[in-house]
Amino acid sequence: MLETVRDRARPYFEDAPPAHDWHHVRRVAALADTLVAEQTAPVDERIVQLAVALHDIGREREDRGEIDDHATWGAREGSRILADVGASEETIDRVRHCIRAHRYSNDVEPETLEAEIVCDADNLDALGAVGIARAFAHGSVIGSPLYDPDVPPADDETTAGRSQYNHFYKKILELPERMYTDAGRALAGDRAAFVREYLARFEAEASGDA
């Protein structure tokens, strides 16, 4: 069933920009495998990987302004896909919850270990070297400035940041505090340290000090 669902999900990413393309899904799947392997409690890996395959099927629609919340839309569309391939109601319900709970900015808390793993894996892909590349790629799509020395992060009153540089301080570096699993926290701490090192170098170069 998993490969069938992946085949059904992949067309939703045909025109997706780099930050949320099918390669993102594949990375999240690999991260989820890593997190599952570190758990001492039982985990239904099938639920995790089905949710990973479907978690961003609505992202491009949201980016185009066609829907308000890709997690809510994706949970409905994902449920339809799972029903089409013969998934049980229990499987559909559990995957639907994972998809609804994965989004950083909504108010749905993960209520299962599987949902926690999907959240952590998705957020980990926003950290580290890959996360830096994704942030700047997404910034270019939405027209966000790379860096604005006249608006330092401390003076930036926006939620997401008025530049991609500020976005790291507004959102990305807060992700380690949002991790639910011990393994996720460990990986997030390491990746966040790399981001902080990069930002220090970035600011030094931008100011002409390096």
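Hi everyone. Let me start with a definition: the expected span of a helix is 1.5 Å times one less than its number of residues. Please keep in mind that what I'm showing today is a predicted model.

Let's put that definition to work on helix H8, residues 128–142. H8 has 15 residues and reaches 21 Å from its first C-alpha to its last, close to the 21 Å expected. Which residues of H8 are buried? They are Gly 128, Gly 131, Ile 132, Arg 134, Ala 135, Phe 136, His 138 and Gly 139. Those buried residues pack against several other helices, namely H2 (22–37), H4 (59–63), H7 (113–124), H9 (164–170) and H10 (182–206). Just after H8 comes Gly 143, and its phi is positive, near 75°.

Now for one of those neighbours, helix H7. The 12 residues of H7 should span 16 Å at 1.5 Å a residue, and its end C-alpha atoms are indeed 16 Å apart. How many of the residues of H7 are buried? The count is 11 of the 12, so H7 is largely enclosed by the rest of the structure. The buried set includes some charged residues, if you follow along on the screen: Glu 114, Asp 120 and Asp 122 are among them. Leu 113, Ile 117, Val 118 and Leu 124 are on that buried list too. As for the cover over H7, it includes H2, helix H3 (45–54), helix H6 (89–101), H8 and H10.

While we're on buried residues, have a look at Glu 60, over in helix H4. Is Glu 60 buried or exposed? Its relative accessibility is 13%, and the cut-off for buried is under 20%, so Glu 60 counts as buried. Setting aside neighbours within four places in sequence, Glu 60 is in contact with Tyr 12, Asp 15 and Ala 16.

Next, the salt bridges. Side chains of opposite charge can pair when their charged atoms come close. In this model the count comes to 19 salt bridges, and I'll walk you through three.

The first stop is Arg 94 with Asp 44, where the side chains meet at 3.3 Å, N to O. This pair links distant parts of the chain: Arg 94 sits in helix H6, Asp 44 sits in the loop between H2 and H3, and they are 50 residues apart. Arg 94 counts as partly exposed because its relative accessibility is 26%, and Asp 44 is partly exposed as well, at 22%.

Arg 94 also meets Glu 90 in a salt bridge, this time at 4.0 Å, N to O. Here both partners lie in helix H6, four residues apart, which is about one turn of the helix. Glu 90 has a relative accessibility of 54%, so it counts as exposed. Which residues do salt bridges with shared partners join into one network? Asp 44, Arg 46, Glu 90, Arg 94 and Glu 114. You'll remember Glu 114 from the buried residues of H7.

My last pair is Arg 80 and Glu 77, with their closest N and O atoms 2.7 Å apart. Both lie in helix H5, residues 70–84, and they are three residues apart, about one turn of the helix. Arg 80 is partly exposed, with a relative accessible area of 38%, whereas Glu 77 is buried, at 15%.

That brings us to how H5 sits against H6. Two packed helices are described by the angle between their axes and the distance between the axes. For H5 and H6, the angle is about 155° and the axes are 8 Å apart. Angles over 145 degrees count as roughly antiparallel, and H5 and H6 are therefore roughly antiparallel to each other. H5 passes H6 in a right-handed crossing.

Where do H5 and H6 meet? On the H5 side, we have Ala 71, Thr 72, Gly 74, Ala 75, Ser 79, Leu 82 and Ala 83. On the H6 side, the residues are Ile 92, Val 95, Arg 96, Ile 99 and Arg 100.

One more residue to find on the screen is Arg 76, also in helix H5. At 53% relative accessibility, Arg 76 counts as exposed. Arg 76 and Arg 96 are 20 residues apart in sequence, while their C-alpha atoms are 7.3 Å apart in space.

That's my tour, and thanks for listening!

Terms used:
Residues numbered from 1 in each chain as written. Predicted model: local features only at pLDDT ≥ 70, side-chain atom pairs only at ≥ 80, totals over all residues. Heavy atoms only, no water. Helix = DSSP H or I, 4+ residues; strand = E, 2+ residues; numbered from the N terminus. Buried < 20%, exposed > 50% of the residue type's maximum accessible area, 1.4 Å probe, protein only. Contact = heavy atoms within 4.5 Å. Axes fitted to C-alpha atoms, helices over the stretch in contact; angles between N-to-C directions. Parallel < 35°, antiparallel > 145°, perpendicular 65-115°, else oblique. Left-handed = near helix turned anticlockwise from the far one by under 90°.
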